[in-house]
Amino acid sequence: MRREDIESILRTKDSTILDFPERGPWGDSRYRGNCSGFIQAFLIWKYKINKMAELFAGSGTGYDVAHDMGISYVGADLNPNPVRPGILQVDAFNDDVPEEFYGSDMVFMHPPYGAEIKIPHNRHYVVKRYNFIHKIIPS
């Protein structure tokens, strides 16, 4: 999707409540719990983001949005076979924050829904999931 087309949609949604009935052409809608790419596009547009880092990159929605918006991107996901070249294989529970994440204008995170969705390559399901974020943003 062209950035100009995305921004024309976003200008109609510039309010305090985001409502995007369509998820957009990004990522893979077959992933359960898949986040609408318009959410990421809105944040990139509204806050003039130049580089986005994404944790739990899943089906590549954030990668696709960043590509269409013309910004730099790095993602991380537990999947041992990431679906896009800009997504690193990272265990957010145990690994260090990738160097590539530093210097990002925004870290976007849309975590999996715990026990509701069984992810076959997740070997630690009930663990302190937010340790990774605390490494990026110390309290």
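## Salt bridges, ring pairs and buried faces

The side chains of Glu7 and Arg3 come together in a salt bridge, with a nitrogen-to-oxygen distance of 2.7 Å. This is a feature of a predicted model, and the description that follows should be read in that light. Because Glu7 and Arg3 are 4 residues apart in helix H1, about one helical turn separates them. An α-helix has 3.6 residues a turn, so residues three or four places apart point the same way. The partners differ in their surroundings: Glu7 counts as buried, with a relative accessibility of 17%, whereas Arg3, at 28%, counts as partly exposed.

The chain as a whole provides the frame for these details. Its secondary structure comes to 4 helices and 4 strands, which follow the pattern α-α-β-α-β-β-β-α when read along the sequence. Of the 139 residues in the chain, 42% are buried, and the accessible surface comes to about 8,000 Å², with 52% of that area belonging to carbon and sulfur atoms. Among contacts between residues at least 6 apart in sequence, 57% join residues at least 24 apart.

Helix H1 also contributes to the buried part of the chain. Its buried residues are Ile6, Glu7 and Leu10. Seen down the axis of H1, these buried residues fall within an arc of 95 degrees, so they line one face of the helix. The elements that cover them include H2 and H3. Glu7 therefore belongs to the buried set of H1 at a relative accessibility of 17%, while its side chain also meets that of Arg3 in the salt bridge described above.

A search of the whole structure finds 5 salt bridges, among them the pairs in the table.

| Salt bridge | Closest N to O distance |
|---|---|
| Glu4 and Arg2 | 3.8 Å |
| Glu7 and Arg3 | 2.7 Å |
| Asp14 and Lys46 | 2.8 Å |

Side chains of opposite charge can pair when their charged atoms come close. Glu4, which meets Arg2 in a salt bridge, is partly exposed, with a relative accessible area of 49%, and a network of salt bridges links Arg2, Glu4 and Asp5. In the salt bridge between Asp14 and Lys46, the closest N and O atoms are 2.8 Å apart. Asp14 lies in the loop between H1 and H2, and Lys46 lies in helix H2, so this pair ties together parts that are 32 residues apart in sequence. Asp14 is partly exposed, with a relative accessible area of 38%, and Lys46 is likewise partly exposed, with a relative accessible area of 33%.

Aromatic side chains form a further set of links, and the structure holds 4 aromatic pairs. In one of them, the rings of Trp26 and Phe38 have their centres 4.9 Å apart and their planes at 80 degrees, so the pair is edge-to-face. This pair links distant parts of the chain, since Trp26 lies in the loop between helix H1 (3-11) and helix H2 (37-46) and Phe38 lies in helix H2, 12 residues apart. Both Trp26 and Phe38 are buried, and ring pairs link Phe20, Trp26 and Phe38 into a cluster.

Which residues does Ser59 contact beyond its neighbours within four places in sequence? They are Gly27, Asp28, Tyr31, Asn34, Val83 and Arg84. Ser59 itself is placed in the loop between strand S1 (51-55) and helix H3 (61-69), and at 5% relative accessibility it counts as buried. A polar atom of the Ser59 side chain lies 3.0 Å from the backbone nitrogen of Asp28, and the side chain of Ser59 also makes a polar contact with the side chain of Thr61, at 3.4 Å.

Lys51, by contrast, has its place in strand S1 and is partly exposed, with a relative accessible area of 22%. Leaving aside its neighbours within four places in sequence, Lys51 is in contact with Ser72, Val74, Glu100, Tyr102, Gly103, Ser104, Asp105 and Met106. With one of these residues, Glu100, the side chain of Lys51 reaches the backbone oxygen at 2.7 Å. Lys51 and Val74 are 23 residues apart in sequence, and their C-alpha atoms lie 8.0 Å apart in space.

Conventions:
Residues are numbered from 1 along each chain as its sequence is written. This is a predicted model: local features need pLDDT of at least 70, side-chain atom pairs count only at pLDDT 80 or more; totals for chains, interfaces and linings use all residues. Side-chain values use heavy atoms; hydrogens and water are left out. Helices (H or I, at least four residues) and strands (E, at least two) are DSSP runs, numbered from the N terminus. Buried means under 20% relative accessible area, exposed over 50%, partly exposed in between (1.4 Å probe, protein chains only). A polar contact is a pair of N or O atoms within 3.5 Å; within protein, one must be able to donate a hydrogen and the other to accept it, and residues adjacent in sequence count only if both atoms are side-chain atoms. Contact means heavy atoms within 4.5 Å. Accessible areas come from the Shrake-Rupley method with a 1.4 Å probe; for residues, only the protein chains shown count as cover. Rings of Phe, Tyr and Trp (its six-membered ring) pair if their centres lie within 6.5 Å; planes under 30 degrees apart count as stacked, over 60 as edge-to-face and the rest as tilted. The arc is that of the directions from the helix axis to the C-beta atoms. A salt bridge is a side-chain nitrogen of Lys or Arg within 4 Å of a carboxyl oxygen of Asp or Glu.
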